[in-house]
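Q: I am new to this structure and would like a close look at one part of it. Please take one helix and its two ends, then turn to the backbone at a few loop positions.

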Amino acid sequence: MQTWKRILSCLAALCLTLALLGGLTWLTQKKDSYAKHAEFFEQKADYDVFFIGSSRMMNGVFPMELWEKRGIVSYNLAQAGHPTPAYYWIMRLALDYKQPKLMVIDCYGMQMDVKTTAVFGLMHISMDSFPLSLNKIRAAYDMLDDPYIGEEYNEGERRSAVNLLWTFPVFHSRWSQLTEEDFRPKKNMTRGAIANNELFWGEFVPDDSEMGKVTETVSMDYLRRAIEECQSRGIEVLLTYIPLFADAKQQAMADYAGKIAAEYGVDDINFFDLNVANYHVDFADSAGHLNTAGARKITDYIGDYITEHCGIPDRRGEAAYADWERDHAVYVQQKDETLRACGDLRQYLMLLTRDSVDILLRVSDPSLYRDPTVSELLKGLGFEETPDRDAKRLLIRSGGESAEVLTSLPDELDAFADTLEAGGTALRVLTLRDGELIDCADFAYLFDETRGELVQTGAAHGE
């Protein structure tokens, strides 16, 4: 009897110790991975579409916009800095829990001969929220079979498979950094996508000088493995190459991705061959990450393609996806809050592009139209050409589906006439969602003749 009591006592102590370690591991762990994947695990029904890739895909496709306009149930599993082998394993981990009908794989980074990201800590965002499993063990040890050294994690972490499988040794010293969010972590309502709201003027030069110089890489091998894994499960595959300021080598890789697609009989979208993104105003930085306007354009294009070619159903109204309606309302509220907090004219116009809003503009200073960035943004908002300098009032429907210069307001907009015409600033912008005014912004600026662009002198929001 005494022997059994000792055994039971030891087992109880072991269970208590493991529970305590588990709780401490969760508490000290950074919550980025939870925010990224919480909605992925909480949804009981399957997803119809997964998006995988690096930051170009993460910043470039918005599942909530696909839901709003087409009822597509999708999740963006892409993560910054991930080469193909890394997001291949994230795909494998996700497939342990959900079985989509379509896998959309972005092929950026095919030239890379490494398995893990330069900043190793980014792997935690992708992997920490996935419970320990045989596939997670395989993933950790396979990715660490990699010649890449990269940067040390900023908390002193070294590249180790064990650190990916049990994070307490990595984060145990975070006690002084813990906040309320560590105890009540927030979820990312965007279904894995991350919006980038900056604005960068860039150029893209087509260059086919490297088209015949493509050599096989580790990333190409894992891309083929990803396609084969999906096909073995009956999952349709669509390859993409999200646009960026690509050099000749990257353009050659995008072309080669199409050849791999043909090799396996799957579809591909090479955005370098399409006039979808505006390289002057649809990017956030020189590295070629899409901003919100550019991402909405790419999302719209891919959404149309999926609807027309992939047989993905519209799930709006289905009881199994009622949470999407609830979360979409939060998503829209967050978009509106971002807009109301924006004090920069160009960024404001960028945020309006392809959003489901109607926009009224009163232009008191026609020098607005001389600014090249504003001119390009107005094209993205539905004007094929920059409005004439005498155009004082502009109406833009559904974030750019149509646009016109007004001589008088339509009857349904009479209620907003006084609001539109009031004020003495150079530009007043009224933004309406479902016929309700959600923001009124006044912008003041001067046109710098030497620089040939507007210099903003102030911004204020009114009722």
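A: In this predicted model, Asn-291 caps the N-terminal end of helix α13, with a side-chain oxygen 3.2 Å from the backbone nitrogen of Ala-293. The helix that follows this cap covers residues 292–309, which makes 18 residues. From the first C-alpha of α13 to the last, the distance is 25 Å, close to the 26 Å expected at 1.5 Å a residue.

Next comes the setting of the helix. α13 is mostly covered, with 13 of its 18 residues buried. Buried here stands for a relative accessible area under 20%. An α-helix has 3.6 residues a turn, so residues three or four places apart point the same way.

Beyond α13 comes Gly-311, and its phi is positive, near 65 degrees.

A positive phi also occurs in residues other than glycine. One of them is Arg-354, with phi near 65 degrees. Arg-354 sits in the loop that runs between α15 (345–352) and β6 (358–363). Its relative accessibility is 28%, so Arg-354 counts as partly exposed, a class that lies between the 20% limit for buried and the 50% limit for exposed.

Asp-434 is another residue other than glycine with a positive phi, in this case near 55 degrees. The loop that holds Asp-434 lies between β9 (427–433) and β10 (436–448). Asp-434 counts as exposed because its relative accessibility is 75%, and exposed begins over 50%.

Note on methods. Residues are numbered from 1 along each chain as its sequence is written. This is a predicted model: local features need pLDDT of at least 70, side-chain atom pairs count only at pLDDT 80 or more; totals for chains, interfaces and linings use all residues. Side-chain values use heavy atoms; hydrogens and water are left out. Helices (H or I, at least four residues) and strands (E, at least two) are DSSP runs, numbered from the N terminus. The expected span of a helix is 1.5 Å times one less than its number of residues. Buried means under 20% relative accessible area, exposed over 50%, partly exposed in between (1.4 Å probe, protein chains only). A polar contact is a pair of N or O atoms within 3.5 Å; within protein, one must be able to donate a hydrogen and the other to accept it, and residues adjacent in sequence count only if both atoms are side-chain atoms.
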